Structures are given as structure tokens and as C-alpha cells.
Amino acid sequence: MSDHKIAGLRVHRLLIPGKAVHSHGIGDVAGIHTVILELITDTGLTGWGEGSPWPAFTGTAEATAAALHVYLRPHLIGQDPVQVEPLMKTAEAALVGHPEAKAALEMALLDLAGKISGLSVSALVGGRMREDMGLSFSVANPDFGKDLEDVAAMWAEGVRIFKIKTGFAGHGFDVMRLEKLREIYGAEADLRVDYNQGLPAYDAVRCIRDLEAFRPTFVEQPVKMHEREALAHIAHVIDTPIMADESVFDAKQALYGVQIRMADIFSLKVMKSGGIRRALEVGAIARAAGIEVYGGCMFETGLAHAAGAHLMAALPELRLDCEFYMATYYAAEDILTEPFPVRNGRVHVPKGPGLGVAVDPAMLAKYAVEPALG
Ligand SMILES: [Mg+2]
């Protein structure tokens, strides 16, 4: 298929401090604990991938690093990196779960396939329907005064989409923040709500109905990930669109979600589905059922954001934009050599072969938790 073979891989586990604590219905996050995969060919090319789990949501960085270093490495050395589906099929057969490790692997393979062919990752998975998309920032600081300062600064830069993280400090706090943001920014603000499983199912409908007065664009994952039938009930009785995030990781869960009409929107994430192409499968199931999709992410660097941007660029339709804000507005520093492209409140899909971004080795050294594996 190509004249290139995978000759080695290095696994970097990093901890990058955040600018603030972000609170969510399932817990607080104070930084980006992530795994960077460096896939090296015998021809001197490097493909980059990232696995960014969230322990309360998908898994751990330690397990992601071990999955790549110990369990997937033997299946990769000597293989042709453009054989993306055969290698992913092998990885899926060798290791159950660990979607973030598989996402990192697929990202690095596609980056290499792009560098070999001269095509961008979005071109490799079908082409670009769009060059840019709106950016959503998550209002999640338990210190709402600090969030108001951040929102004002971003508003001045052109950001108009804000996702208020709810369900971690009481219903009154949630109502107050929605009311305040709507009062300050009026109808021009696109406000969304994400509970991250923070509502008890028995009382979720009443809480969400209170927030509907502030016209949120959607309400995301109000109940626990396994409470899918409760989520379907909420979507049925609430007028505001309901989005499933934790409740839909992959194509199989998407299919069940369609069968019970679990939500009006599915959040697509490279980390949940185990790669860009698997996320497109979720998108295809959603589209066939008339379910909208959204560009979600974990706590990631600009590298995984780039993969997310290529994924969202390739979707036939995108109306609800994306949330690839961490590299620009959350991380103390990013690991890319050039800033992740956010301008005027919009994410621009990187240009150039592969992912179209480059990792700065000095940043890998600066934020390493342990020596690179491999
Ligand atoms: Mg979410």
C-alpha cells in the first residue's frame, strides 16, 4: 500500500495545568492530564496522536499510556501506517475498551497517511464540508465572578456560544447564572446547558423546565449515563432539545439511542468513539434518524482539537458547532508549535497534510509526568 513501515512509537504522559478549576456534575478538573503518541516510520516521518481520558467519564491517562505502550505496540511495529482500518480492527480485537488509546492510534495513523499522501485528515475521511465552525466556551468555574470576566473577554473576541456547566452546586446557582448571562448578553448569546449527569432522574424534568425560561439552545446529559430510558423520557416531554453525551460513546450505543429516541442531539467525541472514523459512524446513525450532532471534546491539547476539527469538517451537516476551547482558553500552555487556530469566535480547520499541526518537543519535555515510554 505504501513504502513506509512503523518503526517505533513513543508514549508521552503529560499534565498541563489549567487556568482555573472547572466544575461539572461528575466532578472537578484542574488541568489536562493527557497522553501523546508519537508514531515513527522507517522513512523518518512522525505521526502524532492524543488520548485524553477523563477519569469520571471515560478512563485514565495511566491506562491509556499502558494500552499504547504495552498492549498495542506489538501489533504496530513493522506495519504499513496507511492501512488504517486493518490496524484499527486489530487494535479493537486486541484490547477491549480504552477508546482514548484507540483514538490516539487512529489519529497518528491518519496523520502519517496524510503526510504520505499529501492530503489533510479531513480529505482522507471524505473531504471538507466547511473550513470553520463556531466555538463554544464552557462556563464551569465555581467562582462565577471569574467566569463573567472570562465571558466578557471572549465576547470581545467574537465568541457568542457559551455552555453553562450545571448540576454541581445546586439548582439556585444554575438558575442565577443563566438569568445573569441572558440579562447581560440578550438574545445574541447562544447559551447551552450541560449537566454532566448531575440531576437525579426523578426530579430532572422540573429542574430543566425552570431553565427553559432562559431559552437554552440545548440541555446536555441531565442524568446518569446508564439512565438512557430516563433520558429518552426527558427528551420526549421537554421542548428544548436534549443532548446525549455520556450516554452515547459508539455506534452500538448510538443505535440503541435511536431505537429508544434517547435524545434530539448526540455529542460526537473522537475520544468516546475511539477515533475520527468511528465518530463518523455515530454521526451517520444519528443523521439517518434525524438526530443532530455536536462537536464535543475532553480536556485536550490543540492536537486532539485538530483531530476533532477535521472530524467536524467532514460531517455532511453541522448546525450546533463545537467546543474545542481548551487549548486556547483553558490550558496554561498548549503543546503545538503554532496556536490552535481560533479567530473571531470560530475554530478554523488546520490546513496542510495530515492533522496540519506540529507538536513542540520542548512542551512534551516541560509537562512530562514521567520519561517517555518506548
Ligand atoms: Mg458533556
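Which residue in S10 does alanine 244 stand opposite? Hold that thought for a moment, and let me set the scene.

What we have here is a predicted model, where local features need pLDDT of at least 70, side-chain atom pairs count only at pLDDT 80 or more, and totals for chains, interfaces and linings use all residues. Numbering starts from 1 along each chain, as its sequence is written.

Okay, back to the opening. Alanine 244 stands opposite phenylalanine 266 in S10. The two strands there are S9, residues 242-244, and S10, residues 265-268, and they pair in the parallel sense over 2 bridges. When I say strand or helix, I mean a DSSP run, numbered from the N terminus: helices are H or I with at least four residues, strands are E with at least two. And two strands pair if DSSP finds at least two bridges between them.

Now zoom out. The chain splits into domain 1, which is 6-118 + 359-366, and domain 2, which is 123-348. Those bounds come from an automatic or database domain assignment. Their C-alpha centres lie 23 Å apart. Where they meet, 36 residues come from domain 1 and 38 residues from domain 2; contact here means that C-beta atoms, placed from the backbone, lie within 7 Å.

Which elements give two or more residues to the side of domain 1 that touches domain 2? They're strands S1 (6-24), S2 (27-41) and S3 (46-51), plus helices H3 (99-117) and H14 (361-366). By class, that side has 21 nonpolar, 9 polar and 6 charged residues. For the classes, Ala, Val, Leu, Ile, Met, Phe, Trp, Tyr, Cys and Pro are nonpolar, Asp, Glu, Lys and Arg are charged, and the others, Gly among them, are polar.

Let's walk along those strands. S1 and S2 are antiparallel, with 14 bridges, and a hairpin through 2 residues joins them. Along that pairing, isoleucine 16 sits opposite isoleucine 32 in S2. S2 then pairs with S3, antiparallel again, through 6 bridges. Here glutamate 38 has tryptophan 48 in S3 as its bridge partner. This second hairpin has 4 residues between its strands, and glycine 44 in the turn shows a positive phi of about 90°.

While we're on S1, have a look at leucine 15, which lies in that strand. Buried, exposed or in between? Leucine 15 is partly exposed, because 14 other C-beta atoms lie within 10 Å; the scheme calls 20 or more buried, 12 or fewer exposed, and anything in between partly exposed, with C-beta atoms placed from the backbone. Leaving out residues up to four places away in sequence, leucine 15 touches Gly31, His33, Tyr367 and Val369. Its C-alpha is 9.9 Å from that of glutamate 370, although the two are 355 residues apart along the chain.

Over to the sheets. Seven strands form an open, parallel sheet in the order S5-S6-S7-S8-S9-S10-S11. S5 (136-139) and S11 (292-295) are the edge strands, each pairing on one side only. S5 pairs with S6, residues 161-165, in the parallel sense over 4 bridges, and phenylalanine 137 faces phenylalanine 162 there. From S5, the chain crosses through helix H5, residues 144-156, to S6 in a right-handed β-α-β crossover. Right-handed means that, with the strands pointing away from the viewer, the path from the first strand over the helix to the second runs clockwise.

There's also an antiparallel open sheet of 3 strands, ordered S4-S13-S12. S4 (132-134) and S12 (342-343) each have a single partner strand, so one side of each is left without a neighbour in the sheet.

Last topic, the core. The largest nonpolar core has 120 residues, and Leu37, Leu68, Ala263 and Phe266 have the most contacts inside it. A nonpolar core is a set of buried Ala, Val, Leu, Ile, Met, Phe, Trp, Tyr and Cys residues joined through C-beta atoms within 7 Å. H3 gives the most to this core, with 11 residues, and each of the two domains supplies at least three. Beyond four places in sequence, leucine 68 contacts a list of residues including Leu9, Val35, Leu37 and Ala104.

One more residue: valine 248, in the loop between S9 and helix H9 (251-259). Valine 248 counts as buried because it has 32 C-beta neighbours inside 10 Å. Among its contacts beyond four places in sequence are Gln253, Val282 and Phe266. And Phe266 takes us back to the start, as the residue opposite alanine 244.

How values were computed. Two residues are in contact if their C-beta atoms, placed from the backbone, lie within 7 Å.
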